[in-house]
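Grab a pencil and work through these short exercises with the viewer open. Try each task before you read its solution.

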Amino acid sequence: MNTTMQSILKSYARGVVVAVIPLIAIHETDLWAYAVAVVAGVVAPALRALDKKDPAFGLVADTLETEVIKAAKKSASKKKTK
């Protein structure tokens, strides 16, 4: 599994955990409440994944990653020559 996929899955997991923890804290026993919380936790990462301009997961992500790698290599080669 590549790092982008891991980041996406972690984002979904964080959303679900943040939505479910308050239910656990108040000792909620209704399974419907947990189902709604899971759906609510998935909404924000899903919207982010659908955003094509999102620098982390959208279509721009690959372009930005390539540019960052090129800049890092260029910076490293300048340091070697000094």
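**Exercise 1.** Which backbone nitrogen does a side-chain oxygen of Asn2 reach at the start of H1?

*Solution.* Before we start: this is a predicted model, where local features need pLDDT of at least 70 and side-chain atom pairs count only at pLDDT 80 or more, while totals for chains, interfaces and linings use all residues. Residues are numbered from 1 along each chain as its sequence is written, and side-chain values use heavy atoms, with hydrogens and water left out. Now go to the start of H1: the side-chain oxygen of Asn2 comes to within 2.8 Å of the backbone nitrogen of Met5.

**Exercise 2.** Count the helices and strands, then check the span of H1.

*Solution.* Step one: the protein has three helices and zero strands (DSSP runs numbered from the N terminus, H or I of at least four residues for helices, E of at least two for strands). Along the sequence that reads α-α-α. Step two: H1 has 23 residues, and its first and last C-alpha are 32 Å apart, close to the expected 33 Å (1.5 Å times one less than the number of residues).

**Exercise 3.** Find the buried residues of H1 and say what they pack against.

*Solution.* Look for Ser11, Gly15, Val20 and Leu23, the buried residues of H1 (buried is under 20% relative accessible area, exposed over 50%, partly exposed in between, with a 1.4 Å probe and protein chains only). Their packing partner is H2. Then zoom out: of the protein's 82 residues, 13% count as buried.

**Exercise 4.** Walk from the end of H1 into H2 and describe His27 and Asp30.

*Solution.* Just after H1 you meet His27, with a positive phi of about 60°. Carry on to Asp30, which sits in the loop between H1 (3–25) and H2. Asp30 counts as partly exposed because its relative accessibility is 38%. A polar atom of the Asp30 side chain lies 3.3 Å from the backbone nitrogen of Trp32.

**Exercise 5.** Is Leu47 buried or exposed, and which surface patch does Leu47 help to make?

*Solution.* First, place Leu47 in helix H2, residues 31–50. Next, its relative accessibility is 55%, so Leu47 counts as exposed. Last, Leu47 joins Val39, Val43 and Leu50 in a nonpolar surface patch of about 410 Å².

Terms used. Patches are made of residues with over 30% relative accessible area and no salt bridge: like charges are joined within 9 Å, nonpolar side chains (Val, Leu, Ile, Met, Phe, Trp, Tyr) within 5 Å. Accessible areas come from the Shrake-Rupley method with a 1.4 Å probe; for residues, only the protein chains shown count as cover. A salt bridge is a side-chain nitrogen of Lys or Arg within 4 Å of a carboxyl oxygen of Asp or Glu. A polar contact is a pair of N or O atoms within 3.5 Å; within protein, one must be able to donate a hydrogen and the other to accept it, and residues adjacent in sequence count only if both atoms are side-chain atoms. Contact means heavy atoms within 4.5 Å.
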